[in-house]
Amino acid sequence: MKTVDIIYRYETRDTSARPLPPNSHAALLRLNDGNRDFATLLDHVTDESGVIQQIIPVDPRDLGFASDAAGAPNQRPFAAVLGCSDARVPIELIFNEGPNDLFVVRVAGNGLGLEVLGSLKYAVEHLGGTLKLIVVLGHSGCGALTTAIDVFLNPGDYLTVAAKHSIRTILDRSLIVVQASANKLLSAFGSDVARNPGYRQALIELSIVTNAALSAYSIQQEFVAHDLPELQAVYGVYLLDTREVWAPRLGNIKGVGLAAAPRDLAEFANLGNALVQSDRIASYLNRETSEPGL
Ligand SMILES: [Zn+2]
């Protein structure tokens with residue numbers, strides 16, 4: 001049996017456990033490196049009875065453990081992350097980060113409701129000394145987006161949520177992304193694509209990544225560029241089956257790691273082209289039968 005111990009290591013010393021990234025590029029590299037280490041955890045165990053330790057160094061001052069700590073520790077995250085509430089996507093764990101590293105906002109479907117925007121606005125206005133990056137992280141098989149696709153494909157299903165305002169709010173926000181994704185599949189693969197057994201699954205996965213990209217674009221436009229130009233908004237999709245973050249773009253169809261938010265309509269068009277050319281989307285459309293709903 002392969003064993004991996006994930007250890008949060010506190011050492012009582014004066015220096016910070018890990019230096020903070022000095023800029024958005026360094027912050028992006030750190031998150032991508034951390035995710036790669038997490039995604040390949042078991043790959044490092046070379047024999048079936050092997051044990052390895054994945055050590056995450058933690059500054060004891062971040063939780064008030066240092067003997068000379070005076071009062072509450074200061075908040076000093078280097079990235080804010082908007083993610084889904086899905087229990088299979090624990091944000092700090094999948095990026096190999098510890099306490100006080102990430103300012104995390106989680107809501108079903110990782111959409112931009114007012115409370116989400118307010119929370120991110122707080123981070124931008126109050127944590128600008130250390131904050132270098134804002135991440136929108138969707139995930140494969142997202143239940144919130146899946147429900148929106150099913151309503152799109154079968155509008156009669158909307159009646160089941162019509163009287164549930166809280167759920168309807170999440171769905172309504174997603175439908176423009178679903179419509180745009182459906183149009184992209186139609187233009188790329190022709191009108192027969194809707195009859196493909198893998199169409200629903202392809203539309204789900206296309207909508208999930210488009211939703212994350214659109215949210216990152218909105219954040220970049222709404223207050224990052226205006227309030228803190230050195231900040232950067234990025235997006236990606238956490239794949240439950242490989243544990244990797246995925247964001248295909250032209251020139252990088254495989255698309256491992258977080259990507260910069262599209263800046264305009266032309267970049268959204270490029271993103272759409274990269275997505276429909278990606279192996280992941282093509283794999284759904286090439287299957288003989290559709291998978292059960294996630
Ligand atoms: Zn989700």
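## Exercises on salt bridges, a helix and a zinc site

Arg195 is exposed, with a relative accessible area of 65% (exposed means over 50%, buried under 20%, partly exposed in between, with a 1.4 Å probe and protein chains only). The model is predicted: local features need pLDDT of at least 70, side-chain atom pairs count only at pLDDT 80 or more, and totals for chains, interfaces and linings use all residues. Residues are numbered from 1 along each chain as its sequence is written, and side-chain values use heavy atoms, with hydrogens and water left out.

**Exercise 1.** Find the salt-bridge partner of Arg195 and state the accessibility of that partner.

Solution.
- Apply the criterion: a side-chain nitrogen of Lys or Arg within 4 Å of a carboxyl oxygen of Asp or Glu.
- The partner is Asp192, with the closest N and O atoms 2.5 Å apart.
- Asp192 has a relative accessible area of 49%, so it counts as partly exposed.

**Exercise 2.** Describe the salt bridge between Arg30 and Glu97 and place both residues in the chain.

Solution.
- The N to O distance between the two side chains is 2.8 Å.
- Arg30 belongs to helix H1 (residues 24-39), while Glu97 sits in the loop between H2 and strand E4 (102-106); the pair therefore ties together parts 67 residues apart in sequence. Helices (H or I, at least four residues) and strands (E, at least two) are DSSP runs numbered from the N terminus.
- Arg30 counts as buried because its relative accessibility is 14%; Glu97, at 0%, is also buried.

**Exercise 3.** Check the length of helix H3 and assign its faces.

Solution.
- H3 has 13 residues (114-126), and at 1.5 Å a residue it should span 18 Å; the expected span is 1.5 Å times one less than the number of residues.
- The end C-alpha atoms are 18 Å apart, which agrees.
- Val116, Leu117, Leu120, Ala123 and Val124 are buried.
- Seen down the axis, the buried residues fall within an arc of 120 degrees, so they line one face of the helix; the arc is taken from the directions from the axis to the C-beta atoms.
- On the other side, Leu114, Glu115, Glu125 and His126 are exposed.

**Exercise 4.** Identify the donors of the zinc ion and their spacing in sequence.

Solution.
- Donors are N, O and S atoms within 2.8 Å of the metal (3.2 Å for Na, K and Ca); water is not among the atoms, so sites may look incomplete.
- Cys84 (SG), His139 (NE2) and Cys142 (SG) coordinate the ion at 2.1 to 2.3 Å.
- The spacing of the donor residues is C-x54-H-x2-C.
- Cys84 and His139 are both buried.
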